[in-house]
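Visitor: Could you walk me through this one? I would like to go through it piece by piece.

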Amino acid sequence: MNDVFANVELPDAADPTKRLNEMVGVRNSIAHGGFPSVGDDQAWDYVNSVEAIGDGLEQEVARHIQMLCRLKALPRP
């Protein structure tokens, strides 16, 4: 699999790679004793982004397995 984020669309149309890096930066700041300023709206954006990235990656993996195994349908319910 090459560009796993090629078909991932976030609800706010943000770039998934940049959003993921942003969330990792916030996580790292917290883990190392920092206190990043994250408001409620931004936290909900992060939650929605994680859900969209998870859904998009699930679809991408299913299509990849379908192609590799030459399945007629996607390999999930």
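**A chat about two helices**

Guide: Let us begin with Arg19, which counts as buried because its relative accessibility is 10%, below the 20% cut-off for that class. Please keep in mind throughout that this is a predicted model.

Visitor: Where is Arg19 found?

Guide: Arg19 sits in helix H1, which runs over residues 16-31.

Visitor: And which residues is Arg19 in contact with, leaving aside its neighbours within four places in sequence?

Guide: With those neighbours set aside, Arg19 contacts Leu10, Asp12 and Ala14, and also Asp45, Tyr46 and Ser49. Two of these partners, Tyr46 and Ser49, are themselves listed among the buried residues of H2.

Visitor: Which residues of H1 are buried?

Guide: Besides Arg19, the buried residues of H1 are Pro16, Met23 and Val26. They line one face of the helix, because their directions, seen down the axis of H1, fall within an arc of 90 degrees. As a general point, an α-helix has 3.6 residues a turn, so residues three or four places apart point the same way.

Visitor: What do they pack against?

Guide: The buried residues of H1 pack against H2, and, seen from the other partner, H1 is included in what covers the buried residues of H2.

Visitor: Which exposed residues does the face of H1 turned away from the buried side carry?

Guide: That face carries Lys18 and Asn21, both of them exposed.

Visitor: How far does H1 reach from its first C-alpha to its last?

Guide: H1 has 16 residues and reaches 22 Å between those two atoms, close to the 22 Å expected at 1.5 Å a residue.

Visitor: Switching to H2, what span should its 30 residues have?

Guide: At 1.5 Å a residue, H2 should span 44 Å, and its end C-alpha atoms lie 43 Å apart, so the two values agree. Within this helix, Cys69 and Asp45 are 24 residues apart along the chain, and their C-alpha atoms are separated by 36 Å.

Visitor: Is Cys69 buried, exposed or partly exposed?

Guide: Cys69 counts as partly exposed, because its relative accessibility is 48%, which falls between the 20% and 50% cut-offs.

Visitor: Which residues of H2 are buried, then?

Guide: In addition to Tyr46 and Ser49, the buried residues of H2 are Ala52, Ile53, Gly56, Glu60, Ala62 and Gln66.

Visitor: What follows H2?

Guide: H2 is followed by Arg70, whose phi is positive, near 55 degrees, although Arg70 is a residue other than glycine. Most residues other than glycine have a negative phi. Arg70 is also exposed, with a relative accessible area of 77%.

Visitor: What about Ala13, what is its phi?

Guide: Ala13 has a positive phi too, about 65 degrees, and Ala13 is not a glycine either. Ala13 is placed in the segment before H1 and is exposed, with a relative accessible area of 69%.

Visitor: Changing topic to the surface, which residues make the nonpolar patch?

Guide: Met1, Val61, Ile65 and Leu71 together make a nonpolar surface patch of about 310 Å². Leu71 belongs to the segment after H2, and, at 37% relative accessibility, Leu71 counts as partly exposed, which is compatible with a patch because patch residues need over 30% relative accessible area.

Technical notes:
Residues numbered from 1 in each chain as written. Predicted model: local features only at pLDDT ≥ 70, side-chain atom pairs only at ≥ 80, totals over all residues. Heavy atoms only, no water. Patch = residues over 30% accessible without salt bridge, like charges linked within 9 Å, V, L, I, M, F, W, Y side chains within 5 Å. Areas by Shrake-Rupley, 256 points an atom, 1.4 Å probe, with all protein chains shown as cover. Salt bridge = Lys/Arg side-chain N within 4 Å of Asp/Glu carboxyl O. Helix = DSSP H or I, 4+ residues; strand = E, 2+ residues; numbered from the N terminus. Buried < 20%, exposed > 50% of the residue type's maximum accessible area, 1.4 Å probe, protein only. Expected span 1.5 Å × (residues − 1). Arc of directions from axis to C-beta. Contact = heavy atoms within 4.5 Å.
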